Amino acid sequence: MSSHTIYNPETVADACAVLARTPGARVLAGGTDLLVRLKDQTTWPPLVDINGIETLQGVTYDAGMLRIGALTTWAVLTDHPLIAEHAQVLVQATEP
């Protein structure tokens, strides 16, 4: 069984630091694309799992700006009241 190095930074700054000092490291967010590409490889690059970085998640509205975190899922967006109020086009984009 092979081992894989996975880093779990808690902040964006920590993630950037790991990436800067770890040549070839790849960012793991949802994982669908990356894991499909890696599944048949015997050696994986180091992975930087950013899923635990809270500042990359969620939806906020402040001073006229709607902020959608990079890790916010479509499921959250389609049901979020701030999206319904300020970005209805995103809700419409997910409808069949």
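This briefing describes the fold, the overall dimensions, the nonpolar cores and two individual residues of one protein. The model is a predicted one, and its 96 residues include a buried share of 27%. The secondary structure consists of 5 helices and 5 strands, while the radius of gyration is 17 Å, against a value near 12 Å for a compact globule of 96 residues.

**Fold and dimensions**

- Followed along the sequence, the helices and strands are arranged in the pattern β-α-β-α-β-β-β-α-α-α.
- The C-alpha trace spans about 50 × 30 × 15 Å along its principal axes, and these extents can be read beside the radius of gyration of 17 Å.
- Among the contacts with a separation of 6 or more, 28% are between residues that stand 24 or more positions apart.

**Nonpolar cores**

- The largest nonpolar core is made up of 8 residues, namely Ala15, Val18, Ala25, Val48, Ile50, Ile53, Leu56 and Leu71.
- A second core, separate from that one, has 5 residues, among them Val59, Ile83, Ala87 and Val91.
- Ala25, which belongs to the largest core, is in contact with Leu19, Pro46 and Val48 once its neighbours within four places in sequence are left aside; of these partners, Val48 is also listed as a member of the largest core.

**Surface and charge**

- The protein exposes about 6600 Å², of which carbon and sulfur atoms supply 56%.
- There are 5 positive and 10 negative side chains, and the centre of the positive set lies 14 Å from the centre of the negative set.

**Ala63**

- Ala63 lies in the loop that links strand 4 (59-62) to strand 5 (65-68).
- The phi angle of Ala63 is near 50°, which is a positive value in a residue other than glycine; for background, most residues other than glycine have a negative phi.
- Ala63 counts as exposed because its relative accessible area is 73%, and the cut-off for that class is over 50%.

**Gln88**

- Gln88 is found in helix 5, which covers residues 88-93.
- With a relative accessible area of 33%, Gln88 is partly exposed, because that class takes in the values between the buried limit of under 20% and the exposed limit of over 50%.
- Gln88 and Leu77 are 11 residues apart along the chain, and their C-alpha atoms are separated by 10.0 Å.

Terms used
Residues numbered from 1 in each chain as written. Predicted model: local features only at pLDDT ≥ 70, side-chain atom pairs only at ≥ 80, totals over all residues. Heavy atoms only, no water. Core = buried A, V, L, I, M, F, W, Y, C linked by side-chain atoms within 4.5 Å. Buried < 20%, exposed > 50% of the residue type's maximum accessible area, 1.4 Å probe, protein only. Contact = heavy atoms within 4.5 Å. Helix = DSSP H or I, 4+ residues; strand = E, 2+ residues; numbered from the N terminus. Rg over C-alpha atoms; globule rule 2.2 N^0.38 Å. Areas by Shrake-Rupley, 256 points an atom, 1.4 Å probe, with all protein chains shown as cover. Lys, Arg positive; Asp, Glu negative; His and termini not counted. Charge placed at Lys NZ, Arg CZ, Asp CG, Glu CD.
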